[in-house]
Amino acid sequence: MADFHQNGSVATLHNLTHMPLEMMESQLRQFSATRKITLILPSLFAELGRDALSRILDELSGATYINHVIIGLDQATEEQYRFAREYFSRLPQKHDILWNDGPRLKAIHNQLEAAGLAPSEPGKGRNVWYCIGYALASQNSDVVALHDCDITTYSREMLARLVYPVTNPAFPYQFCKGYYPRIADGKLNGRVSRLLVSPLLLSIQKVCGHLDYIEYLKGFRYPLAGEFAMRVSILPDMRIPSDWGLEIGVLSEVWRNLSNRSVCQVDISDAYDHKHQELSKADASQGLSRMSIDISKALFRKLATDGVVFSQETFRTIKATYYRTALDLIEMYHNDAVMNGLHTDRNQEEEAVELFAANIVTAGQIFLENPMETPFIPNWSRIQSADPDLLRNLHEAVAADSAGG
């Protein structure tokens with residue numbers, strides 16, 4: 001089906017004719033002769049026991065244009081780390097595992113913590129941040145891509161399409177975001193993007209007026225996608241949050257550092273599914289409840305740095321506007337689903353909206369009560385300035401872990 005959507009905020013690269021994977025990979029092998037590609041895989045040890053990651057590794061075995069794979073391994077004991085080394089050994093590419101819970105990387109983390117430069121909390125953001133540092137320390141890549149390890153519908157075409165725009169020397173792009181339809185088992189997925197981010201962006205615009213940053217975010221078809229690729233040259237200056245606001249935080253840094261002409265989004269799959277988080281209404285520190293708070297905080301922090309002034313009244317107004325907007329969108333999503341023979345649970349969707357509305361106010365209160373909070377992990381340029389030996393130490397620690405010494 002032809003779809004030439006372009007809204008002017010960021011370039012949208014479609015998958016209209018389905019270029020054969022062999023042709024795309026052949027071109028990528030040519031490009032990678034001068035633009036080396038590294039893939040980052042942030043992983044929990046628990047994911048090594050799931051079919052999704054095993055399939056991902058099988059698919060990656062055919063991605064011969066990948067120069068280096070960096071695996072960030074969280075929540076692993078020494079025995080589990082050694083199992084992970086064997087588990088990932090099937091990869092034909094050069095690959096390294098960051099054992100984030102091992103004594104060597106913990107010592108580096110403690111060193112940063114003593115200097116006030118460490119990520120504030122464990123999670124995907126911290127894992128990715130250390131992997132980025134290791135990619136910089138390795139000095140063997142020009143392009144870095146990232147995707148999650150729980151994609152149940154993975155094919156290596158996703159990766160090929162993700163890295164192509166920033167690897168092709170004829171293209172101007174330095175950052176590429178993946179997007180895809182969120183449909184599985186006959187229903188619409190992507191609840192946080194559909195039911196939180198989209199109506200929240202519309203509501204902020206209604207309450208605060210036109211903001212270029214909000215227009216930029218609205219230009220992304222799936223702003224919470226965990227798949228993105230970028231030129232290594234922009235990594236040292238990127239600041240990312242350590243919580244679940246990672247994806248919004250990355251887009252915010254791209255907005256701060258790059259011209260929109262250097263940014264694109266690309267259709268990487270006809271079908272995408274992964275492990276779904278629970279709504280977690282009873283525990284705001286878990287599941288989609290925590291995610292909604294972290295994402296809302298990331299948006300409010302960024303807008304504040306652009307000069308938007310917030311108060312409790314502002315957040316109450318945004319909440320009220322959001323609630324009405326989200327309910328209207330639920331109706332649109334339902335009708336769209338019916339037209340395509342899909343299903344939505346109106347009751348569950350409204351329950352999610354009610355929770356997200358309350359969490360918008362919670363995020364606003366946290367923002368107002370912590371004006372001195374440092375929202376982002378320091379960028380690697382600052383780390384290198386504070387301790388010129390740290391990247392080398394990180395590289396040596398990973399090598400020592402791998403050698404078993």
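**Reading the fold and its cysteines**

Student: What share of the contacts in the chain between residues at least 6 apart in sequence joins residues at least 24 apart?

Tutor: The share is 82%, where contact means heavy atoms within 4.5 Å. The model is predicted, so local features need pLDDT of at least 70 and side-chain atom pairs count only at pLDDT 80 or more, whereas totals for chains, interfaces and linings use all residues. Residues are numbered from 1 along each chain as its sequence is written, and side-chain values use heavy atoms, with hydrogens and water left out.

Student: Why does the radius of gyration of the chain agree with that of a compact globule?

Tutor: The rule, with the radius taken over C-alpha atoms, is 2.2 Å times the number of residues to the power 0.38. For 405 residues this gives a value near 22 Å, and the chain has 21 Å, which agrees. The C-alpha trace spans about 60 × 50 × 40 Å along its principal axes.

Student: How many helices and strands does the chain have?

Tutor: There are 14 helices and 10 strands, taken as DSSP runs numbered from the N terminus (helices: H or I, at least four residues; strands: E, at least two).

Student: What makes β1 and β4 edge strands?

Tutor: The open sheet of eight strands runs β1-β10-β6-β9-β5-β2-β3-β4, with mixed pairing. Two strands pair if DSSP finds at least two bridges between them. β1 (11-13) and β4 (94-99) each have a single partner strand, so one side of each lacks a neighbour in the sheet.

Student: How do you know that β6 and β10 pair?

Tutor: Strand β6 (residues 175-179) and strand β10 (residues 263-267) share five bridges in the parallel sense, and the criterion is at least two. Phe-175 has Val-263 as its bridge partner in β10.

Student: Why is Cys-176 called buried, and why is Cys-208 called partly exposed?

Tutor: Buried means under 20% relative accessible area, exposed over 50%, and partly exposed in between (1.4 Å probe, protein chains only). Cys-176 has 0% relative accessibility and therefore counts as buried. Cys-208, at 26%, therefore counts as partly exposed. Of the 405 residues of the chain, 55% count as buried.

Student: How many disulfides does the structure hold, and how far is Cys-176 from the nearest cysteine sulfur?

Tutor: The structure holds zero disulfides. Cys-176 is in no disulfide, and the nearest cysteine sulfur, that of Cys-264, is 3.7 Å away; a disulfide is a pair of cysteine sulfur atoms within 2.5 Å.
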